[in-house]
Amino acid sequence: MNTIESTVKYIRSKNAGPFWLTIDAFCANVGDTERVAASFERHRADIAACYQVEPADLEIYCLKSICVAKISLPRVPIEGSRSERDMHGGQQYVSLLDLEV
């Protein structure tokens, strides 16, 4: 079984302001980029549940020209809130590593 972790060259997450998070999956080629973006779309409901947002709030992009599949989503909790555990959003991608591609 191919997973996100075994398919991408590099994956990162980061804040896109205090209210949004972005996850970038850098791939080796356009084919992998399309497969990863399709996997994000196929697992939309699971991803949304994991990050405690509505599925419609996920923005999924397939940037073929730079071989990146991307997800942008509302940040829950917001950056700097009392329940915050990852101030920079740098570890938020980990929940996606086992998704099947």
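Select Pro77 to begin: it sits in the segment after S4. Helices (H or I, at least four residues) and strands (E, at least two) are DSSP runs, numbered from the N terminus. The model is predicted: local features need pLDDT of at least 70, side-chain atom pairs count only at pLDDT 80 or more, and totals for chains, interfaces and linings use all residues. Residues are numbered from 1 along each chain as its sequence is written, and side-chain values use heavy atoms, with hydrogens and water left out.

**Stop 1: the cis bond**

Add Val76 to the selection. The peptide bond from Val76 to Pro77 is cis. Its omega is near -5°.

**Stop 2: the largest pocket**

Keep Val76 and Pro77 on screen. Add Tyr51, Arg85 and Gln92. These five lie nearest the centre of the largest pocket. The lining comprises 17 residues. By class, eight are nonpolar, five polar and four charged. Here Ala, Val, Leu, Ile, Met, Phe, Trp, Tyr, Cys and Pro count as nonpolar, Asp, Glu, Lys and Arg as charged, and the others, Gly among them, as polar.

How much space lies in this pocket? About 270 Å³. A pocket is an open set of points on a 1 Å grid over the protein atoms alone, where a 1.4 Å probe fits, with protein on both sides within 12 Å along at least five of seven lines; lining residues have an atom within 4 Å of a point. Grid points are joined across faces, edges and corners, and the volume is the space filled by probe spheres set on them.

**Stop 3: Tyr51 and its loop**

Centre on Tyr51. It lies in the loop between helix H3 (44-50) and strand S3 (59-63). Is Tyr51 buried or exposed? At 8% relative accessibility, Tyr51 counts as buried. The scale is this: buried means under 20% relative accessible area, exposed over 50%, partly exposed in between (1.4 Å probe, protein chains only).

Draw a distance from Tyr51 to Leu99. The two are 48 residues apart in sequence. Their C-alpha atoms are 14 Å apart in space.

Now step to Gln52. This residue is also in the loop between H3 and S3. Gln52 has a positive phi of about 60°, although it is not a glycine. With 60% relative accessibility, Gln52 counts as exposed.

**Stop 4: Cys67**

Jump to Cys67, in the loop between S3 and S4. Its phi is near 55°, a positive value in a residue other than glycine. Cys67 counts as buried, at 15% relative accessibility.

**Stop 5: the salt bridges**

Show the charged side chains. A salt bridge is a side-chain nitrogen of Lys or Arg within 4 Å of a carboxyl oxygen of Asp or Glu. How many are there by this rule? The count comes to six.

Select Arg12 and Asp24. Their side chains meet in a salt bridge of 3.0 Å, N to O. Arg12 lies in strand S1 (residues 10-15) and Asp24 in strand S2 (residues 20-26), so the pair ties together parts that are twelve residues apart in sequence. Arg12 is partly exposed at 29% relative accessibility. Asp24 is buried at 3%.

Stay on Asp24 and add Lys70. These two also form a salt bridge, with the closest N and O atoms 3.1 Å apart. Lys70 belongs to strand S4 (residues 68-74) and Asp24 to S2, so this pair ties together parts that are 46 residues apart in sequence. Lys70 counts as partly exposed, at 22% relative accessibility.

Next, pick Glu84 and Arg75. Their salt bridge has its closest N and O atoms 2.6 Å apart. Glu84 is buried, with a relative accessible area of 17%. Arg75 is buried too, at 7%. Now show the earlier trio again: salt bridges that share partners join Arg12, Asp24 and Lys70 into one network.

**Stop 6: helix H2**

Select residues 30-42, which make up helix H2. Its 13 residues should span 18 Å at 1.5 Å a residue, and its end C-alpha atoms are 18 Å apart, which agrees. The expected span is 1.5 Å times one less than the number of residues.

Which residues of H2 are buried? They are Asp32, Thr33, Val36, Ala37, Ser39 and Phe40. Look down the axis of H2: these buried residues fall within an arc of 155°, so they line one face of the helix. The arc is that of the directions from the helix axis to the C-beta atoms.

End on Arg35, also in H2. Arg35 is partly exposed, with a relative accessible area of 43%. Draw one last distance, from Arg35 to Lys9. Their C-alpha atoms are separated by 13 Å, and the residues are 26 apart along the chain.
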